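Thanks for coming, everyone. Let me put the structure up, and then we'll walk through it piece by piece.

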Amino acid sequence: MTTRAVVRGVGHYLPDRIVPNSEFETRLDTSDEWIRSRSGIERRHFAADHENTSDLGAHAARAALADAGLEAADLDAIILATSTADLTFPSAATMVQDAIGMQSGFAFDVQAVCAGFVYALTTANAMILTGQARRILVIGAETFSRIIDHEDRATSVLFGDGAGALILEAQDGDGSAADRGILASDLNSDGRYRDILYVDGGVGTRDTGFLRMQGKEVFRHAVEKLAETAETALASIGLSGADVDWIVPHQANIRIIQATAKRMGVPMDRVITTVQDHGNTSAASIPLALSVGKARGQIKQGDLIVTEAIGGGLAWGSVVLRW
């Protein structure tokens, strides 16, 4: 028998405030048509002044626990992927731990920007396979509205706030690609490209800073690297794009999503897209899309899913799992 990290439950949370593209037309040289044509985004959610990243994460955590039929006491660990934690420290994960009433186990944050959830998922899988934990809550949560330059029309229209969560549980498999659970992963980073997507502030500068991006360069790297990492992970278990039921990609830009699917030979009717409704929610986008895909009735038990993401660093990677 082989131990597998199997998805037990999934959930998400979006702040109440919906920001349509038309809201940007009043203060920026942009339009709904311009935003849609270049990104596919129609609206996004912004957190209220009293809502922090840990608040969003806690809501998503409770939804995942309810979906799994579990209590907080049933968890061994929380791994939270975010670039917008409430404070420099402690981690947002420990704040979620307290908020949901989990009084044992451990919790920590992972920071790999938009690739954060893939990194967190891979970390959780490794902990389950080595016996460090049996049941782990993995969260992606962001409040990117706090770090975007609202005067920059190229970036301010792209990002939104939200959270998604799933629970991984150790279960037995037979060691084949037919098993449920995480089957393969592939992680990468290359610090030479840090200047094409970054925030120009931080603890060292004593200034939070704003997100800065060279859009054309990010697009070029994204399409190439996302298809490559997904194909690498699939090939490691003897599979290809033809075997995939759903691609659940990082929801950054519809054109990146379309180009990546085309390179992999997967039609768009087998790609879960939420970017139109949520914008780019960074580390939250994949778990959010997984939760929405399940709620829509698209994702079903036994489906083979590929998730892939790229973010500042550059950091990128993919996970192959059977639902």
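Which residues does V320 touch, leaving aside residues up to four places away in sequence? Keep that in mind for a moment. One caution before we start: this is a predicted model.

Here is the list. V320 touches G181, I182, L183 and A184. It also touches A233, L234 and I237. Then come L304, I305 and V306.

Now the setting. V320 belongs to the largest nonpolar core, which has 45 residues. Six of them touch the most other members: F24, L234, I247, M264, L304 and V320. Which elements give two or more residues to this core? They are helices α2 (32-39), α6 (215-235) and α7 (254-264), plus strands β8 (181-189), β12 (304-311) and β13 (315-322). Helix α6 gives the largest share, eight residues.

There is another core, apart from that one. It holds 38 residues, including V7, A112, V248 and A289.

On to the sheets. Start with the four-stranded one. It is open, and its order is β8-β13-β12-β11. The pairing is mixed. Which strands sit at the edges? β8 and β11 (246-249), each pairing on one side only. Neighbouring strands here are turned by 15° against each other on average, ignoring direction.

Look at the β11 end. β11 and β12 run parallel, joined by four bridges. Within that pair, P249 stands opposite E308 of β12.

Next, the five-stranded sheet. This one is open too, in the order β1-β7-β6-β4-β5. Again, the pairing is mixed. The edges are β1 (2-13) and β5 (106-110), and each pairs on one side only. The average turn between neighbouring strands is 20°, direction ignored.

How many bridges join β1 to β7? Eleven, and the two strands run antiparallel. β7 covers residues 161-173. Find R4 on your screens: Q171 in β7 stands opposite R4.

Last, two helices on this sheet. Helix α5, residues 116-129, packs on the sheet and touches β1, β4, β5, β6 and β7. Its direction makes about 165° with that of β6. Helix α4, residues 92-99, lies across β4 (77-81), β5 and β6 (135-143). α4 runs at about 140° to β5.

So, back to the opening residue. V320 is in the 45-residue core, and its contacts include L234 and L304. Questions, please.

Technical notes
Residues numbered from 1 in each chain as written. Predicted model: local features only at pLDDT ≥ 70, side-chain atom pairs only at ≥ 80, totals over all residues. Heavy atoms only, no water. Pairing = 2+ DSSP bridges. Axes fitted to C-alpha atoms, helices over the stretch in contact; angles between N-to-C directions. Contact = heavy atoms within 4.5 Å. Core = buried A, V, L, I, M, F, W, Y, C linked by side-chain atoms within 4.5 Å. Buried < 20%, exposed > 50% of the residue type's maximum accessible area, 1.4 Å probe, protein only.
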